[in-house]
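Work through the exercises below with the model open. Try each task before reading its solution.

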Amino acid sequence: IKILIGLYLSTFLLIGCVKDGVDECPTGDIRLHFFVEKFQNKSANPLDDYEESFGLRVNHSRYYLYKDGKLFEQGIKESLSTITREYYDIQYSDLEYGDYEMVVVSNSTKNALTGDGAFSSELLLTYPGCDHTEDYFTTVYKFTVNTDQSVEHKVGMLRTQGVIRYTFNNVPDEITHMEIIMENVGLEKWVTGDYVNACHASRVYEMIPLRQQSEEHYVLTTFPTPKDEFTSFRLNLYRNGETEPYRKELISNDLTVIRNQLLDLVVTFDKNANINFEIILDSEWDGSSPGGETEIN
């Protein structure tokens, strides 16, 4: 009985320590080192292959810290592109003992991130289309404070999108626009959970830059193909500035966009304006190309 009473009193004091002015609650110091996943990392763990310079990938982060399931703190970290080392720190001193969850969404400077931040399970990223998407990274990291010693944690951030690179060769002069259409890619992602729902993504390219060289690369990013399904890729051709396509081509209807991986599609016209499509999987990335609001290096 004495032991049970002692345990009860100890628990009561820990719960009511600050309110009742008995003793200060026990606390600890925590430092979180955030690393960002390197493009084409083959592992599900972003810490297996991360960027050497954090600022090359992340310029802005929103963070939410929860204690015992309740929002403890939230904020925005800006101007992160100046960080040249491998990681970025968030540090807390005198955190009360308990279970914590840190949720971070990076590079969401527009309205893609929605939901009530009071609950981590309600934070939602919605794909805003090829022209407006950014290079999103997310992480959900749980940790426990149970010692008065300073503790450091390494936290990996995952890229949420897959990358599609289009190469156009020998485009005829009469073609003034090309429209890329990707049917059945992810629409939404619960930050603490899975991708949900699907959408079509598209972008129209003007061909003027292609008149100056025989080859041009364009990069798009989308959420991945839904699990156990396929994405269809289509190409619409416009000539002489017309508003309706004069030619519609199916590139493939059984491809998959994979998170943080590259899908290469090469479109080549021969001298008779016939089109050859080449699909290259697991090719090496060899540079930097812009796509909408996204740039992948």
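**Exercise 1. Cysteines**

Is Cys-199 buried or exposed?

Solution. Cys-199 is buried, with a relative accessible area of 15%. Buried means under 20% relative accessible area, and exposed over 50%, with partly exposed in between (1.4 Å probe, protein chains only). Cys-130 also counts as buried, at 3% relative accessibility.

This is a predicted model: local features need pLDDT of at least 70, side-chain atom pairs count only at pLDDT 80 or more, and totals for chains, interfaces and linings use all residues. Residues are numbered from 1 along each chain as its sequence is written, and side-chain values use heavy atoms, with hydrogens and water left out.

Next, find how many disulfides the structure holds.

Solution. The structure holds zero disulfides. The cut-off is a pair of cysteine sulfur atoms within 2.5 Å. The cysteine sulfur closest to that of Cys-130 belongs to Cys-199; it lies 8.5 Å away, too far for a bond.

**Exercise 2. The sheet**

Work out the strand order, then explain which strands stand at the edges and why one side of each lacks a neighbour.

Solution. Start with the order. Seven strands form an open sheet, 3-2-5-8-9-1-4, with mixed pairing. Strands are DSSP runs (E, at least two residues), numbered from the N terminus. Two strands pair if DSSP finds at least two bridges between them. Now the edges. Strand 3 (70-78) and strand 4 each have a single partner strand, so one side of each is left without a neighbour in the sheet.

Then follow three pairings.

- Strand 1 (residues 27-36) pairs with strand 4 in the antiparallel sense over eight bridges. Here His-33 stands opposite Asp-89 in strand 4.
- Strand 5 and strand 8 (residues 137-145) are antiparallel over nine bridges. Tyr-100 stands opposite Phe-143 in strand 8.
- Strand 8 and strand 9 (residues 151-159) run antiparallel, joined by two bridges. They form a hairpin with five residues between them. Phe-137 stands opposite Arg-159 in strand 9.

**Exercise 3. The cavity**

Locate the largest cavity and describe its lining.

Solution. A search of the whole structure finds one cavity of 30 Å³ or more. A cavity is a set of points on a 1 Å grid over the protein atoms alone where a 1.4 Å probe fits but cannot get out; lining residues have an atom within 4 Å of a point. Its volume is about 50 Å³. Lining residues include Phe-34, Lys-77, Tyr-88, Ser-106 and Met-157. Strand 4 (87-96) and strand 5 (98-106) are the elements that give two or more residues. By class, the lining divides into seven nonpolar, two polar and one charged.

Terms used
On a 1 Å grid over the protein atoms alone, a cavity is a set of points where a 1.4 Å probe fits but cannot get out, and a pocket is an open set with protein on both sides within 12 Å along at least five of seven lines; lining residues have an atom within 4 Å of a point. Grid points are joined across faces, edges and corners, and a volume is the space filled by probe spheres set on the points. Helices (H or I, at least four residues) and strands (E, at least two) are DSSP runs, numbered from the N terminus. Ala, Val, Leu, Ile, Met, Phe, Trp, Tyr, Cys and Pro count as nonpolar, Asp, Glu, Lys and Arg as charged, and the others, Gly among them, as polar.
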